[in-house]
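Thanks for making time this morning. I would like to walk you through one model, going from its core outward to a few local features, so please have the viewer open.

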Amino acid sequence: MTVDAIVHGAEMETAAPRSGLLSFLLTLVFCTALAAAPYYASTYALTLLATFAAYAIALLGFNILLGYTGLLSFGHAMFIAMGAYTAAVFTSKLGIPYLELILLAAAAVSAAAAFLIGLFCVRYTKIFFSMLTLAFGMTFYSFLNKFYFVTGGDQGMRITRPLLAGLDSAGGKTAFLTGPFYYYSLALLAILAFLAWRLLHSPLGLHMRAVRDNPQKAAYLGVKVQRTRLWAFVISAVYCSIAGVLIGISVGLADPELGYWTQSGNLVFMTVLGGTGSFGGPVLGALVFVFLNDWLNATTEYWRFVLGAILVAIVVFAPRGVAGLVHGLLGKKA
Amino acid sequence: MTAWLDIVLGGLFHAAVLFLVAAGLQLVFGVQKILNLACGSFYALGAYFAISAVAAMTALGLPIAYFFPVLLASGLLIGLVGLPVERLLRTVYRRDESHQLLLTFGLLLMFQDILRFFWGTAPRTMEGAYLAYGTVTAGGAQIPVYNLLVIAASIVLAGMLGLFLQRSALGKVIRATAENRDMAEGLGANVSRIYAAVFTAGCMLGTVGGALAVPSSAASLDMPAELIVEAFAIVVIGGLGSMRGALLGAVIVGLVRAFAIANYPEAEVLSIYLIVIAVLIIRPAGLLGKAQA
């Protein structure tokens, strides 16, 4: 199996300690800047940052599957939609506004779904895996879109404001989204990033990389190849569904379009934009994508053209993504 | 009885159009090993361009009855857009397939705005063409002659393509290139020219498909993404890279979709994808694909 730059990388952990320190410092500066954002950023930028935090969570999970296990899914928007619809069902149908419960439920639902879907999907790799995930994703999308009596069809379902840690907050929707909800999202991002980091440095994380680089050899050495892939699939789905809850809350609506295949394409886009080769790359990709997308939307009617051209340029000229470029500039091995 | 005939012929009409697109997809995948997400964009491009071409034709004062050859010609003409696109794809032939998939996804996004730039956001229809050849009555059902023409055209194109690939000298070289690019090159085949020709031909199949589909429906910006879903379903059901598979897949998808729309419209896409999943689980290489995972 030829795995080249796009699903390659992760060797960075063996880079020199000096650059490790540099990465650590950069991460620290980045986190401080995010945490202090409400003191200097505009309300509008803050809503974008909340969206960024949600996508960063999704991409951290997505990259466990793409970057570390070497499986390209074109169906993960399905799990984002699953998270958003769980939030909708809990807040507007069942009247349970506790965000913690919603997150747990979304994680459980998506884990169960991903387990069942994964059982079929992980038997294949490469293009067949991509197409099978696309097929499942579109099946779920058409369920959301067509079964009005369950899902509200193309109208979607409303998501009302949830309680964070059981507390209601004063002020309107914007104050909620840029205040408590923003910090809540950041905290979730921090916790989930830490968990993902620990996971990738655990034996399971090593198994994933072994399976990515050489499945036969991994199997020979006693790694359960399919079980490892299934784990990666389920974990990435849980991350995406948690992101879906957050995205749904900030939009206020669970919309079937969240599950359309082009959204899965955007997930891949963001991950590749940041670079699959490093742990933080996808987070960077989410940041660049969210702001770039918004800026292009505001500046030109033809933002899709520009986005598409950027994607083409990245694939052709910088397959290691923005993170690869940054590392190149910092003198790390590119 | 009437309803059944209606449904079957409607399904076959749709299948005929889908077959062209899927055949283009298969041709490109078979030879170049690239799964082209932008095939839906080519389809939409063909549809929009055909509307403009037929509008230009009527503006010149030609009778509407000439629209069928104009459709075919405009589809073939705009298919030439494949040449510059292939230039771009050339940069990633030797790379991982996820790169290729992403590159075509980028092209899909770009084409979306190219279509919008030239034809606007509102759906466009071709006025007065669909029923220009009248209808025939068979078994109590009114069938537009145009539908039969498209089904016939698709069968003829399928036959020509099959004969060309199986019998002609160039077809043999193309198949050899598909089997083993380096060996074909070593034996003197001009692979880069073959790739350019094959991709453009695949592109033309897509644009002609779009041109032939548009008189019966409307061209809209949702076309590319929706068509890809169906074209992929066909390719997976039939087997990646297999032309006969594309034919079988197109007929299955066309008929299933027609039955679903007539009897249980909620399940239109769902039914197609349940078949896809079933096929992938039972025969991952597709019904007529070579057994290799």
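The largest nonpolar core has 204 residues, and the residues with the most contacts inside it are A:Ile57, A:Ala58 and A:Ala243 together with B:Ala22, B:Ala47 and B:Ala231. Please keep in mind throughout that this is a predicted model. If we take B:Ala22 and set aside its neighbours within four places in sequence, we find it in contact with B:Ala231, B:Ile234, B:Val235, B:Ala246, B:Gly249 and B:Ala250.

Turning to the interface, 36 residues of chain B are in contact with 39 residues of chain A. On the chain B side, helices H5 (97-119), H10 (223-238) and H12 (268-282) each supply at least two residues, and H5(B) gives the most, with 15 residues. By character, that side of chain B divides into 26 nonpolar, five polar and five charged residues.

In chain A, helix H3, residues 43-68, has 26 residues and reaches 36 Å from its first C-alpha to its last, which is close to the 38 Å expected, although there is a kink of about 35° centred on A:Phe62. Because 20 of its 26 residues are buried, H3(A) is largely enclosed by the rest of the structure. After this helix comes A:Gly70, whose phi is positive, near 80°.

A positive phi also appears at B:Lys33, near 60°, and here the residue is one other than glycine. B:Lys33 lies in the loop between helix H1 (2-32) and helix H2 (39-59) of chain B. Is B:Lys33 buried or partly exposed? With 15 other C-beta atoms within 10 Å, B:Lys33 is partly exposed.

Conventions: Residues numbered from 1 in each chain as written. Chains lettered and ligands numbered in written order. Predicted model: local features only at pLDDT ≥ 70, side-chain atom pairs only at ≥ 80, totals over all residues. Contact = placed C-beta atoms within 7 Å. Helix = DSSP H or I, 4+ residues; strand = E, 2+ residues; numbered from the N terminus. Nonpolar A, V, L, I, M, F, W, Y, C, P; charged D, E, K, R; others polar. Core = buried A, V, L, I, M, F, W, Y, C linked by C-beta atoms within 7 Å. Buried ≥ 20, exposed ≤ 12 C-beta atoms within 10 Å, placed from the backbone. Expected span 1.5 Å × (residues − 1). Bend = angle between axes of the 7 residues up to and from the residue.
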